Amino acid sequence: MLLSLVLHTYSMRYFLPAAVMMGTAPTYVLAWGAWRLLSALLPARFYREVDDRLYTIYQSMVLFFFENYTGVQVIIYGDLPKNKENVIYLSNHQCTVDWIIADMLAIRQNALGHVRYVLKDGLKWLPLYGWYFSQHGGVYVKRSAKFNEKEMREKLRAQVKTETPMYLVIFPEGTRYNPEIPKVIADSQSFAEKEGLSVLKHVLTPRVKATHVAIDTMKDYLDAVYDVTVAYEGTVDHKGQRKLAPSMTEFLCKECPRVHIFIDRIELKDIPEEQMYMRRWLHERFEIKDKLLIEFYDAKDSKRRNKFPGKGVHSKLSLKKTLPSLLFLGGLTASMLLTESGRKLYVKTWIYGTLIGCLWVSIKP
């Protein structure tokens, strides 16, 4: 009986946020779809401006749950500018929460609506979300030999042409660092050794293709590159071995007390243009990440563990930035579900929106 109550309480911690975030998706897609149709005859920049505002509303609601609801402490190190910029955001990749970390930084620069992702191709089939991410400026890429450089360049050029604000998130490792899958880590280390590169412990060997295409295509449009290193507290077991980073479910269940984020802002002039040299530069940046994470997880002095070198600032997100979005989208969805016609429209949006989205991404990148 007691165990059942504990499990029920635990499940409710993430069930409510998940229900609200997923439940408001059709409402959001309907609002976006209406604007997409209305703006068809307008210059592209008008569509982008409103789309970015709509995206800000939805992602602000998401951040209400991931920050205000969980109570997680966000500790920021380094030089995060206060003002919005056109940037490429390069980060280590451990779990799905890494996507939310980019939002956490962007909202602190009033640039939340500008966040766009380079995503692995399989994610385009996500119901509603997969199609929308592409419409919002996201780029789907395939790995290794299947990587379509021309397709990515064309999409980025189109966005530069319409002066789309850019906060492009790239995870150069190409997949997550997962201590529970040692073969992936071992293969990554073997590849680095074979190529004459430093072997990395807490990150995978980065791949340069998407990063090079993005920087090369937008070099005259970008203000900087953000090199971001993320560490989640509580991801070391009693033996001192690194554990799997929290999933979104675990994060919403308040299993991560603090997130540590180290930002290094890099000027474009300090990045080599040729892919061969950029590859070396990118690996050197990941060597720096690895040293930061070795200090975070493995420092001999226990007082130096669970933090990055330098001064960390506890950055608390105000409810004023997130709660209004939750109330707006939640209220809009609730009002739709109160009527029979609204419920029918809601269900049809899930069904037909998913089908249309899958059809669209199958014929158009």
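**Briefing: fold, surface and one loop lysine**

In this predicted model, contacts in the protein chain between residues at least 6 apart in sequence are dominated by distant partners, since 80% of them join residues at least 24 apart. The protein chain that makes these contacts has 12 helices and eight strands. The points below turn from the whole chain to its surface and charges, and then to a single residue.

**Overall dimensions**
- A compact globule with 365 residues would have a radius of gyration near 21 Å, and because the protein chain has 21 Å, the two values agree.
- Taken along the principal axes, the box that the C-alpha atoms of the protein chain fill is roughly 60 × 60 × 40 Å.

**Interior and surface**
- Of the 365 residues in the protein chain, 49% are buried.
- The area that the protein chain exposes is about 18,500 Å², and carbon and sulfur atoms supply 59% of this area.

**Charged side chains**
- The protein chain carries 51 positive side chains and 38 negative ones, and the centres of these two sets lie 5 Å apart.

**Lysine 300**
- Lysine 300 sits in the loop that runs between helix H10, which spans 275–298, and strand E8, which spans 312–314.
- Lysine 300 has a relative accessible area of 85%, and because a residue counts as exposed when this value is over 50%, lysine 300 is exposed.
- Between lysine 300 and glutamate 180 there is a separation of 120 residues in sequence, while in space the two are 24 Å apart, C-alpha to C-alpha.

Definitions and conventions:
Residues numbered from 1 in each chain as written. Predicted model: local features only at pLDDT ≥ 70, side-chain atom pairs only at ≥ 80, totals over all residues. Heavy atoms only, no water. Helix = DSSP H or I, 4+ residues; strand = E, 2+ residues; numbered from the N terminus. Rg over C-alpha atoms; globule rule 2.2 N^0.38 Å. Buried < 20%, exposed > 50% of the residue type's maximum accessible area, 1.4 Å probe, protein only. Contact = heavy atoms within 4.5 Å. Areas by Shrake-Rupley, 256 points an atom, 1.4 Å probe, with all protein chains shown as cover. Lys, Arg positive; Asp, Glu negative; His and termini not counted. Charge placed at Lys NZ, Arg CZ, Asp CG, Glu CD.
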